[in-house]
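Reader: Hi, could you walk me through a structure, taking it slowly, since I am new to this?
Author: Gladly; here it is, and we can take it one topic at a time.

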There are 2 protein chains.
Amino acid sequence: MGNIAGPEIERLIQLLARLPGLGPRSARRAALHLIRKREELLGPLADAMRVARDRIVTCSVCGNIDTSDPCSLCADPRRDGTTLVVVETVGDLWALERAGVLNARYHVLGGALSPLDGVGPDELNIGALVGRVAEGGVKEVILAVNATVDGQTTAHYITELLSPYKVKCTRLAHGVPVGGELDYLDEGTLAAALKSRIDL
Amino acid sequence: MGNIAGPEIERLIQLLARLPGLGPRSARRAALHLIRKREELLGPLADAMRVARDRIVTCSVCGNIDTSDPCSLCADPRRDGTTLVVVETVGDLWALERAGVLNARYHVLGGALSPLDGVGPDELNIGALVGRVAEGGVKEVILAVNATVDGQTTAHYITELLSPYKVKCTRLAHGVPVGGELDYLDEGTLAAALKSRIDL
Ligand SMILES: [Zn+2]
Ligand SMILES: [Zn+2]
């Protein structure tokens, strides 16, 4: 392709292809779309990316990303500091914030323990979590990790680690997603939903 | 979202969501991926986009995009100037080049005639095509337009327009699925369709 339209376009396509959700073909389409919309989209996106690269930092308190450190969630005095919600990724934090039911503080692990992938406690933001709990003031740690083997392993590891402190560890309930159809759910979810059934 | 992670990230997500193939959810994932890979991906992509915005121009001869005008295809003396391949979009040109069976020159229309969408001959790069043919030297015009109603309308319109000149107009063989778009086809189908092109 380099000889068709120059190395600059080829480089743009190759970098776009590294975005999740874009393959080589859709990267080409995205590049053409961007070039067609040079002024309204390509330029602003280049600027937004440069700003993001230059200004976004990882919060030294919770592991969230923001343009300030501590992040705006950690700096917000209205947030309830007695509840700490532990998530695997910033994407999970965003998902919980979109749900809009929490006014707690967060702690982003940066992944889950995964012995098979060589991810141990040292690879995760766990030491800082223990530090926050040890400082006192936290009454409950909600382990909002994925309902995967790795996520549950991580939840149990952290629960164990926090057992010396006067803090309650909880996890999200398993069950039928709101709006979900039973026929599409796996047996594990159905079993969990049955087990945690609630009186009407 | 703006209050979670700052307006800079929100703006990045909104711009990414305008790329074809990325919805709001995948734009969030892409933004997080970019921020996680700040140095290896976000920075280089910002730079590649800036270079593309600043340096990519539309070729005044053929309508292709490149960092030079005339484009590298038009400037290549080894290209056979007696055959002109007319395509709707730069993406179609790329698709034909990937098929690797042509050594011709191109002409990019910038779309197809579409009375319903208000696209007439003046909206397309057709005047320049007639000019190139009128200059002489072109023996065959391959109308490699989409096998859609608009594409075929465009092919017939151009054939009519070029009828005063001593030039043979051909179209791609119907190996192209009816209703299909070139950019989505595999190289083998494109090569077969080129080989079986038919006089108009
Ligand atoms: Zn923070
Ligand atoms: Zn050109």
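Author: Before we begin, one term: two strands are said to pair if DSSP finds at least two bridges between them. Please also keep in mind that this is a predicted model.

Reader: Okay, so which strand of chain A is joined to strand 6, and by how many bridges?
Author: Strand 5 of chain A is joined to strand 6, residues 168–171, by four bridges, and the two strands run parallel. As an example of a bridge there, I142(A) has T170(A) in strand 6 as its partner.

Reader: And what about strand 3 of chain A, which strand does that one join?
Author: Strand 3, which covers residues 80–87 of chain A, is joined by four bridges to strand 5, residues 140–143, and these two also run parallel. Here the bridge partner of L84(A) in strand 5 is V141(A).

Reader: Which domain does UniProt list at residues 82–177 of chain A?
Author: The UniProt record, an unreviewed entry, gives a domain named "Toprim" for residues 82–177 of chain A. In the model that span is 32% helix and 20% strand, with its end C-alpha atoms 28 Å apart.

Reader: What does UniProt list for residues 59–74 of chain A?
Author: For residues 59–74 of chain A, the unreviewed UniProt entry lists a zinc finger region described as "C4-type". The span is 19% helix and 12% strand in the model, and its end C-alpha atoms lie 8 Å apart.

Reader: Switching topic, is the peptide bond between D69(A) and P70(A) cis or trans?
Author: The bond between D69(A) and P70(A) is cis, with omega at about 5°, whereas most peptide bonds are trans. P70(A) sits in the loop between strand 2 and helix 5 of chain A.

Reader: What does chain B have between D69(B) and P70(B)?
Author: Chain B has a cis peptide bond there, with omega at about 0°, and P70(B) lies in the loop between strand 2 and helix 5 of chain B.

Reader: Now the two chains together: how many residues does each give to the contact?
Author: Chain A gives 55 residues and chain B gives 57. Between them the chains bury about 5500 Å², of which 67% is on carbon and sulfur atoms.

Reader: How many salt bridges are there between the chains?
Author: There are four salt bridges between chain A and chain B. In one between E8(B) and R55(A), the closest N and O atoms are 3.0 Å apart. The chains also share 10 residue pairs in polar contact, counting pairs with both residues at pLDDT 80 or more.

Reader: Which helix of chain A gives the most to the side that touches chain B?
Author: Helix 4 of chain A gives the most, with 16 residues. By class, that side of chain A holds 31 nonpolar, nine polar and 15 charged residues.

Technical notes
Residues numbered from 1 in each chain as written. Chains lettered and ligands numbered in written order. Predicted model: local features only at pLDDT ≥ 70, side-chain atom pairs only at ≥ 80, totals over all residues. Heavy atoms only, no water. Contact = heavy atoms within 4.5 Å. Buried area = accessible area lost by both parts, 1.4 Å probe. Salt bridge = Lys/Arg side-chain N within 4 Å of Asp/Glu carboxyl O. Polar contact = N/O pair within 3.5 Å; in protein donor to acceptor, adjacent residues only side chain to side chain. Nonpolar A, V, L, I, M, F, W, Y, C, P; charged D, E, K, R; others polar. UniProt positions renumbered as here; feature names shortened; annotations may be inferred.
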